[in-house]
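Subject: Structure handover

Dear colleague,

I am handing over the structure we spoke about, with notes on what turned up in it. Please have it open while you read.

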Amino acid sequence: MKNFSKLQPRLFASVLALGLVCLAGCEDEPNIDQPCKDLEPGHACTWIGLRSGEGFNGDNLHRRETLLNQPQDLLFLPDGTAWFTDFNNFLVRRVLTDDTVESVVGLTNPIFPGDGPFSGLPPMGANGSDWLLNHPTNLLMQPDGKVLVVAWHNHKLLTVDPDTGFVTVVCGGGAGYAGDGMLAAESALFKQLNDASFDEAGNLYIVDQQNQRVRKIDTNGIITTIAGDGTSNSDGATNGDGGPAAMAQFSWAVGSNPNPSGGILYHEGMLYLSETEADVIRVIDLEAGTINRFAGTYEGGDSGDNGPAINAQLNGPRDLEIGPDGDLYFADTDNGKVRAINLETGMIRTVVGTGELGIEDTEGMLATEIKLRRPFGVAFDPDGNLYVMDTLNSRIVKVAR
Ligand SMILES: [Ca+2]
Ligand SMILES: [Ca+2]
């Protein structure tokens, strides 16, 4: 009873506040998140972002009031937060459990790209808010529970400790191709690495985009090249299918200002690779060391749904994920779709998008009836709901399981 008199005024104040909030709309007007709260299976809502455009309007707003600039990937952490790369804001950000958004890594005032700091860093690294990033693309959960950031335009892999927000460099320096056979942390160089994936042992596989190679960092920290002879397959003339992965050619975007290109996913001894500019997904059998075409025909297009994926046409495939049903989902970027392939039957289907690029009605609509504009990434939450990085619409779309 001692504390009762202290508690009572606060209780009264919060009842009053609740009353005022309700006057403003508890009864009839929908909550800002109502479209996502009411979502039926297979239907879609805008989960983060504003339909009105792209940019940066600050932190601490509800996710549906937060402007993004070309998100690329999303990762759900065991603590209930959802981290995403806000590519053209040069940030890694997260949705907190109260549905507000905060920046974790990168400068916000002003929004500015950069790299580092590196010199004189203590072992725990530097605070994320002091760290300069340039075009982060994909996010992964490390075996130790930290977040691995593929810092594409920094040519580096970074680690963020979700408990402290501190950032350290895993490997990488300036753009280059170096380090094979040596410790990655000391010697590895990449040229716009775009995506990465761990196997169950903790080996890391990396799409080294402009080097046209797949790199591996083993559990001892040694880096090697496991696929790609370094020449490009942009004309589709040669590819090395059916042969050793080390001799294969890839076609990921090159040049002075390319798009992020390529996707990689380890699953049950196989390494699936989105070969974006060749409009195919290929697969490396890691035990045999061989590479083969898995989906697509090397001719870009949008065809083949409900038939074998190997005969279907894709258009600029990127990020890959395994869904709760065990199927392989991927961002079919230039078709404005997310598609899925049943790994047992090899059959392909469209899961999200009409195939027409755009942004119109979304809220509560069937996922196959909404329009996307060049989606680069896909993700699943622990409940198996699907999220699409609707990159050129600068939003993240949720599709209920
Ligand atoms: Ca990925
Ligand atoms: Ca992803």
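The notes below go from the whole chain to its sheets, its core and a few individual residues.

Overall picture

This is a predicted model. The mean pLDDT of the chain is 92, with 92% of residues reaching 70 or more. The exception to note is the stretch of residues 1–20, where pLDDT is below 50 and where the model shows zero contacts beyond near neighbours in sequence. Where pLDDT is low, the predicted coordinates should not be read in detail.

The chain has three helices and 28 strands. Its radius of gyration is 22 Å, close to the 21 Å that the globule rule gives for 401 residues, so the chain is as compact as a globular protein of that length. Along the principal axes, the C-alpha atoms fill a box of roughly 75 × 55 × 40 Å. Of the 401 residues, 45% count as buried. Among contacts with a separation of 6 or more, 44% are between residues 24 or more positions apart.

Sheets and a hairpin

One open sheet of four strands has the order β2-β3-β4-β5 and antiparallel pairing. Its edges are β2 (71–76) and β5 (101–105); each has a single partner strand, so one side of each is left without a neighbour in the sheet. Ignoring direction, neighbouring strands of this sheet are turned by 30 degrees against each other on average. Within the sheet, β4 (residues 91–95) and β5 run antiparallel and are joined by four bridges. Arg94 has Glu102 in β5 as its bridge partner.

Another open sheet of four strands has the order β17-β18-β19-β20, again with antiparallel pairing. Here β17 (263–267) and β20 (290–295) are the edge strands, each with a single partner, so one side of each has no neighbour in the sheet. From one strand to the next the twist averages 25 degrees. Strand β19 (residues 280–285) pairs with β20 in the antiparallel sense over five bridges, and Arg282 has Arg293 in β20 as its bridge partner.

Between these two sheets in sequence there is a hairpin, formed by β15 and β16 with five residues between them. Strand β15 covers residues 213–217 and strand β16 covers residues 223–227; the two pair in the antiparallel sense over four bridges. Lys216 stands opposite Thr224 in β16. In the turn, Gly221 has a positive phi of about 85 degrees.

The core

The largest nonpolar core holds 96 residues, and Val149 and Val388 touch the most other members. Strand β10 (residues 147–151) gives this core its largest share, five residues. What does Val388 touch, not counting residues up to four places away in sequence? The list is Val338, Val352, Leu372, Pro375, Val378, Ile396, Val397 and Val399.

Backbone points to check

Most residues other than glycine have a negative phi, and most peptide bonds are trans. The following places depart from that.

- Asn109 and Pro110 are joined by a cis peptide bond, with omega about 0 degrees. Pro110 is in the loop between β6 (107–108) and β7 (111–112).
- Gly116 and Pro117 are also joined by a cis peptide bond, with omega about 15 degrees. Pro117 is in the loop between β7 and β8 (126–127).
- Gln192 is not a glycine, yet its phi is positive, about 55 degrees. The residue is in the loop between α3 (184–187) and β13 (193–198). Gln192 counts as buried, with 25 C-beta neighbours inside 10 Å.
- Tyr298, not a glycine either, has a positive phi of about 75 degrees. Tyr298 lies in the loop between β20 and β21 (317–322). With 18 other C-beta atoms within 10 Å, Tyr298 is partly exposed.

His153

His153 lies in the loop between β10 and β11 (156–160). Is this residue buried or exposed? His153 is partly exposed, because 17 other C-beta atoms lie within 10 Å, whereas a buried residue needs 20 or more. Leaving aside neighbours within four places in sequence, His153 is in contact with Asn134, His135 and Gln192; the last of these has the positive phi given above. The C-alpha atoms of His153 and Ala245, 92 residues apart along the chain, are separated by 26 Å.

Regards

Methods: Residues numbered from 1 in each chain as written. Chains lettered and ligands numbered in written order. Predicted model: local features only at pLDDT ≥ 70, side-chain atom pairs only at ≥ 80, totals over all residues. Core = buried A, V, L, I, M, F, W, Y, C linked by C-beta atoms within 7 Å. Buried ≥ 20, exposed ≤ 12 C-beta atoms within 10 Å, placed from the backbone. Contact = placed C-beta atoms within 7 Å. Rg over C-alpha atoms; globule rule 2.2 N^0.38 Å. Pairing = 2+ DSSP bridges. Axes fitted to C-alpha atoms, helices over the stretch in contact; angles between N-to-C directions. pLDDT = per-residue confidence, 0-100.
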